[in-house]
Number of protein chains: 2
Amino acid sequence: MKIRHPYLLFLGDAADQLAAKTANGVNVWRPDWCMGQFRLKGCKADLGIPDMNIAQAAKAGVKTVLVGVANRGGIIPADWEKHLVKACELGMDIASGLHNRLTSLPKLVAAAKANGRKLFDVRHPDRDFDVGTGLKRKGKRLLTVGTDCSVGKMFTSLALEKEMRRRKMKADFRATGQTGIFIAGSGISIDAVISDFVSGAVEYLAPDNDADHWDLIEGQGSLFHASYAGVTLGLIHGSQPDALVVCHEHGRSHMRGLPHYKHPSLEDCIARNVEAAKLTNPRAKCVGIALNTQRVSEKEAIKLLKKTEDKLGLPAVDPLRTGVDAIADTLR
Amino acid sequence: MKIRHPYLLFLGDAADQLAAKTANGVNVWRPDWCMGQFRLKGCKADLGIPDMNIAQAAKAGVKTVLVGVANRGGIIPADWEKHLVKACELGMDIASGLHNRLTSLPKLVAAAKANGRKLFDVRHPDRDFDVGTGLKRKGKRLLTVGTDCSVGKMFTSLALEKEMRRRKMKADFRATGQTGIFIAGSGISIDAVISDFVSGAVEYLAPDNDADHWDLIEGQGSLFHASYAGVTLGLIHGSQPDALVVCHEHGRSHMRGLPHYKHPSLEDCIARNVEAAKLTNPRAKCVGIALNTQRVSEKEAIKLLKKTEDKLGLPAVDPLRTGVDAIADTLR
């Protein structure tokens, strides 16, 4: 799976700005790849980039149309399909982050085939994987883990990639979820892999590399999330991380989607993730904390980060507010 | 998925007795359900039960033909298919534990449809599952876990079912692997479930029940196995086990399939499994150890079990040699 850019971000008739969260993430992290947005009648989202229809996008040199929007009712409507068909006819590939597959639409499949175009359903792995071997690989790996889902693991990994590349370090973000895959142009939706092959899929995603190269692997779920911890553990073991960054959103009241479950302390979260990681990399250690402090003021955030550093003896950053320099420093 | 018995055990041209391991397990645990074996020319396995062809099996009242044999080259040969087609024509269902699906054989699919028969590919879940909720369920649950794969988790679970039923306790074995599914007549091949849904699948497998009812859930893999630990963790969280039994094979030199990985100590294995289980059931505890002592003499085995009990302060049994009474005692 290698998605070509530049992209046209297809927003359809997104009900609100949140429905275009994925497209927004791609535009934030890869502004140079996003030539425009295509909005249908009734679309309530706006990414603030040029509006383009399919014909204009083809003319502008777009290589792939990204369907990066939560659709209504879970199906791809017929009036979306006709635009996607046209995109194929004009030489563009289509990539979708929806559960429903592009490849389940007969007209679109026919159009892609007739025009030699590719359809990417990034939520669904497009190949089989072997079971993990646990064999040590060359190069270095960092994995973001967390106290919960949706606490900033992707954001932190991408911020580290940006900062490390700025410092001329060798670093590649490795995507494990749909938004990340659009941003990287490749990757594996790890939670859609058959459970037996999760660690093997991660070994495939982050293979042997230069001794001074860092794979920055996007974490998923949490060892403390009753629904998804198994995915997280397979991801940890397959990553064989040299370094872990623990992510947390300050001020959440309970585990995401599970009102009856509380968050672990940062201490417990560090301990359990390092313990798990040591199975496949005995030198694994936690190198920093990434706090999402959006619920408090700048001033409170700075105090909170300082308090966290003092308590844990580790650099604590808010990637959005302070950047990730302090963590990048430790990876030299 | 509810597989009807009695069974005819289809052994094909099994290369040796080991290739018929699954069929053998079914025959050992459900002798009353196994009316006969059907062996083709060149078959080197023998379960010591009556030989029957398809027509004889139909006449004898067989409801399902079990393809419970590791086949050569991974495909279902044409000369097997013709017998399976005939079974459908004579009113029998087919259940297979092979990776290759019965439902990928057009002639067999047609015969099943024409005759209103069912094809069960037990290695592949036949339905979707929700993500786990982590909500407490009624009834009690025991999960077998282990230091490694293939150390006796299914055997121990089945031995407990047998002993508890003998004592008139309410107990049901819940199968999570192919052999177990044939033995239970239903279940879920948990390692073939999409990783996001593993704990949810287990919640489905072992739902609310009577307060004094025990689900005896077949464990898979090990938290210490670099290839499969994620499957194991999802299974633990979905099981919400009140009781854990730790299984181990004495005398193994390394983790199965991973010569570069050593086994954990029983102490570490207990600690990590209980720690993991407490996320979804804070009252989880280890109630006993099941040692597979096949590599040593009866006398040495008894000494080893005694030593293990003294060291850990828990009942230690070899289900095959001593039975599981000592563990069943603790579940009253």
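**View 1. Helices α3(B) and α4(B) are roughly parallel to each other.** This is a close-up of a predicted model. Helix α3 of chain B covers residues 78-89, and helix α4 of chain B covers residues 106-114. Their axes lie 8 Å apart, at an angle of about 5 degrees. Angles under 35 degrees count as roughly parallel, so α3(B) and α4(B) fall in that class. From α3(B), the residues in contact are B:E81, B:L84, B:V85, B:C88 and B:E89. They meet B:K107, B:L108, B:A111 and B:A112 of α4(B). By class, this contact has six nonpolar and three charged residues, and no polar ones.

**View 2. B:V65 sits in the largest nonpolar core.** That core has 213 residues. The residues with the most contacts inside it are A:L66, B:V65 and B:L66. Which residues does B:V65 contact, leaving aside its neighbours within four places in sequence? They are B:L8, B:F10, B:A57, B:L84, B:A87, B:M92 and B:I94. One of them, B:L84, also appears in View 1, where B:L84 belongs to the α3(B) side of the helix pair. In soluble globular proteins, nonpolar side chains tend to be buried together.

**View 3. Chain A and chain B are related as by a two-fold rotation axis.** A turn of 180 degrees, with a shift of 0.0 Å along the axis, lays chain B on chain A. The RMSD of that fit is 0.0 Å. The two copies are thus related as by a two-fold axis. The same surface serves both copies, as 96% of the contact residues of chain B recur in chain A.

**View 4. Chain B touches chain A through 26 of its residues.** Chain A brings 25 residues to the contact. On the chain B side, α7 (198-205) and α8 (229-239) each supply at least two residues. Which element gives the most to this side? It is α8(B), with six residues. The chain B side divides into 15 nonpolar, nine polar and two charged residues.

**View 5. B:L143 and B:V145 both lie in strand β6 of chain B.** B:L143 has 31 C-beta neighbours inside 10 Å and counts as buried. B:V145 is buried too, with 30 other C-beta atoms within 10 Å. Leaving aside neighbours within four places in sequence, B:L143 is in contact with B:I217, B:G219, B:I236, B:S239, B:P241 and B:L244. On the same terms, B:V145 is in contact with B:G219, B:T232, B:L244, B:V246, B:C247 and B:N273. B:G219 and B:L244 appear in both lists. B:L244 is 101 residues from B:L143 along the chain, yet their C-alpha atoms are separated by 5.1 Å. B:V145 and B:S227 are 82 residues apart along the chain, with 15 Å between their C-alpha atoms.

**View 6. B:S150 and B:Q240 have positive phi values.** Most residues other than glycine have a negative phi. Phi of B:S150 is about 50 degrees, although B:S150 is not a glycine. B:S150 lies in the loop between β6 (140-146) and α5 (153-166) of chain B. Phi of B:Q240 is near 45 degrees. B:Q240 is found in the loop between α8 and β9 (243-249) of chain B. Buried or partly exposed: which word fits B:S150? With 15 C-beta neighbours inside 10 Å, B:S150 counts as partly exposed. B:Q240 is buried, with 28 other C-beta atoms within 10 Å.

**View 7. A cis peptide bond joins H5 and P6 in chain A and in chain B.** Most peptide bonds are trans. In chain A, the bond between A:H5 and A:P6 has an omega of about 5 degrees. In chain B, omega between B:H5 and B:P6 is also about 5 degrees. Where does A:P6 lie? A:P6 is in the segment before β1 (7-12) of chain A. B:P6 is in the segment before β1 (7-12) of chain B.

**View 8. A:I183 is found in helix α6 of chain A.** This helix covers residues 178-184. A:I183 counts as buried, with 25 C-beta neighbours inside 10 Å. Leaving aside neighbours within four places in sequence, A:I183 is in contact with A:G25, A:V26, A:W29, A:R30, A:L158 and A:A175. A:I3 is 180 residues away from A:I183 along the chain. The C-alpha atoms of A:I183 and A:I3 are separated by 9.6 Å.

How values were computed. Residues numbered from 1 in each chain as written. Chains lettered and ligands numbered in written order. Predicted model: local features only at pLDDT ≥ 70, side-chain atom pairs only at ≥ 80, totals over all residues. Least-squares fit on C-alpha atoms with pLDDT ≥ 70 in both. Contact = placed C-beta atoms within 7 Å. Helix = DSSP H or I, 4+ residues; strand = E, 2+ residues; numbered from the N terminus. Nonpolar A, V, L, I, M, F, W, Y, C, P; charged D, E, K, R; others polar. Core = buried A, V, L, I, M, F, W, Y, C linked by C-beta atoms within 7 Å. Buried ≥ 20, exposed ≤ 12 C-beta atoms within 10 Å, placed from the backbone. Axes fitted to C-alpha atoms, helices over the stretch in contact; angles between N-to-C directions. Parallel < 35°, antiparallel > 145°, perpendicular 65-115°, else oblique.
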